[in-house]
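Here are some worked exercises to try with the structure open beside you. Have a go at each task before you read the solution.

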Amino acid sequence: MPFLHKPKEREPLWKEWDYLAQKKGVRHTVYSVNGNEFTGEWLDNKKDGKGTFKWKDTNKVYDGDWKKGKRSGFGTLTHSDGKGGFTKEYSGGWKNDLRHGYGTEFYSDSEFYEGEWYAGKRSGWGRMYYEDGTIYEGEWYDDQRSGQGMLRLTNENRYEGSWKDGKKNGAGKFYYLDSGQVFEGVWKDDVPKCGTMKDFGRDNAPDPTQYPIPDIKLANAEAVVAEAEDHFLQDQE
């Protein structure tokens, strides 16, 4: 009795054709009908690995990591400067097409943020250099200064303390180094509500006040101030 070989099963032709048609591995530039371009690696018909994407309508270019069709990993976003070159807009971490992790955003030639991001917003620790020369270093949440941080002005005066919704809120100190004084107290929406003003390095200040601050003669002054500060802090909770 002859031995019969079982015929090898084959996948339907449409599956084979679909597999051959899929974009995978390194590809030369792929053009979209809207004029966008992508050059890089693919997996299962999705951008995956290293690649460069160019948007025709905005003249922006992303060069970096991709995962399952979205910018994820490390990458740099640039835009046309109108002179034949490109200006860096953001460089750092990405996740699901959003800035995520640690990165630097360039708002202008003299204004930029470097620090942590979460889901496309400044969140965590970061340092912001403003166009007027002011520098904020500290905590952020939901794209706002929030938590503990220091704001240093161009004249070296600075605020150190609590922030909420982008404004001074809570306990903090403001150092007037130009006049040799320091205010310590409680703030509400950038306005000092209660606290004490003291001399601080007045002898070495570049523009000291004419007279030093006199001593407080109020009995148990610290307790009075503490009670008032607690009142304002409770109102903010």
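**Exercise 1. A charged pair**

Which residue forms a salt bridge with Lys168? Find the partner, then describe the surroundings of both side chains.

*Solution.* Please keep in mind that this is a predicted model.

Step 1. The partner is Asp190, and the closest N and O atoms of the pair are 3.5 Å apart.

Step 2. Place the two residues along the chain. Asp190 lies in the loop between strand E14 (181–188) and strand E15 (191–199), Lys168 lies in strand E13, and 22 residues separate them.

Step 3. Check the exposure of each. Asp190 has a relative accessible area of 35%, so it is partly exposed. Lys168 counts as buried because its relative accessibility is 11%, and buried means under 20%.

Step 4. Look at what surrounds the lysine. Leaving out residues up to four places away in sequence, Lys168 touches Tyr159, Ser162, Trp163, Phe174, Trp187, Lys188, Asp189 and Asp190.

**Exercise 2. Following a run of strands**

Start at strand E2 and trace how the strands up to E5 are joined.

*Solution.*

Step 1. Strand E2 (residues 37–43) and strand E3 (residues 46–54) run antiparallel and are joined by six bridges. Gly40 stands opposite Gly51 in E3. The two strands form a hairpin with two residues between them, and Asp44 in the turn has a positive phi of about 55 degrees.

Step 2. E3 also runs antiparallel to strand E4 (residues 60–67), again with six bridges. Here Lys50 faces Asp65 in E4. Five residues lie between the strands of this hairpin, where Asn59 in the turn has a positive phi of about 60 degrees.

Step 3. E4 then joins strand E5 (residues 70–80) through seven bridges, antiparallel once more. Tyr62 stands opposite Leu77 in E5. This hairpin has two residues between its strands, and Lys68 takes a positive phi near 55 degrees.

Step 4. Set this run in context: the protein has two helices and 15 strands.

**Exercise 3. An arginine over a ring**

Over the face of which residue does Arg71 lie? Work out where this arginine sits and what it touches.

*Solution.*

Step 1. The ring belongs to Tyr62, with Arg71 at 5.6 Å from the ring centre.

Step 2. Arg71 is in strand E5. Its relative accessible area is 13%, so Arg71 is buried.

Step 3. Setting aside residues up to four places away in sequence, the contacts of Arg71 include Trp55, Tyr62, Asp65, Trp66, Leu77 and Trp94.

Step 4. Now look for another example. The charged end of Arg99 sits over the ring of Tyr90, 4.9 Å from its centre.

**Exercise 4. Aromatic geometry**

How many aromatic pairs does the structure hold? Classify the pair of Tyr90 and Trp94, then try one that involves Tyr136.

*Solution.*

Step 1. The count is 21 aromatic pairs.

Step 2. The ring centres of Tyr90 and Trp94 are 5.2 Å apart and their planes stand at 90 degrees, so this pair is edge-to-face. Planes over 60 degrees apart count as edge-to-face.

Step 3. Tyr90 counts as buried because its relative accessibility is 0%. Trp94, at 5%, counts as buried too.

Step 4. Tyr136 and Trp163 also form an edge-to-face pair, 5.2 Å centre to centre with 80 degrees between the planes. This pair links distant parts of the chain, with Tyr136 in strand E10 (residues 135–141), Trp163 in strand E12 (residues 158–164), and their positions 27 residues apart. Both Tyr136 and Trp163 are buried.

**Exercise 5. One arginine, two partners**

Find the salt bridges of Arg127 to Glu114 and Glu137, and compare where the partners lie.

*Solution.*

Step 1. Glu114 and Arg127 form a salt bridge whose closest N and O atoms are 2.7 Å apart. Because Glu114 lies in strand E8 (residues 112–118) and Arg127 in strand E9 (residues 121–129), the pair ties together parts 13 residues apart in sequence. Both Glu114 and Arg127 are buried.

Step 2. The side chains of Arg127 and Glu137 meet in a salt bridge at 3.2 Å, N to O. This pair runs from strand E9 to Glu137 in strand E10, ten residues apart. Glu137 counts as partly exposed because its relative accessibility is 29%.

Step 3. Finish with the total: there are twelve salt bridges.

Conventions:
Residues numbered from 1 in each chain as written. Predicted model: local features only at pLDDT ≥ 70, side-chain atom pairs only at ≥ 80, totals over all residues. Heavy atoms only, no water. Contact = heavy atoms within 4.5 Å. Pairing = 2+ DSSP bridges. Helix = DSSP H or I, 4+ residues; strand = E, 2+ residues; numbered from the N terminus. Phe/Tyr/Trp six-rings, centres within 6.5 Å; stacked < 30°, edge-to-face > 60°. Buried < 20%, exposed > 50% of the residue type's maximum accessible area, 1.4 Å probe, protein only. Lys NZ or Arg CZ within 6 Å of the ring centre and 35° of its normal. Salt bridge = Lys/Arg side-chain N within 4 Å of Asp/Glu carboxyl O.
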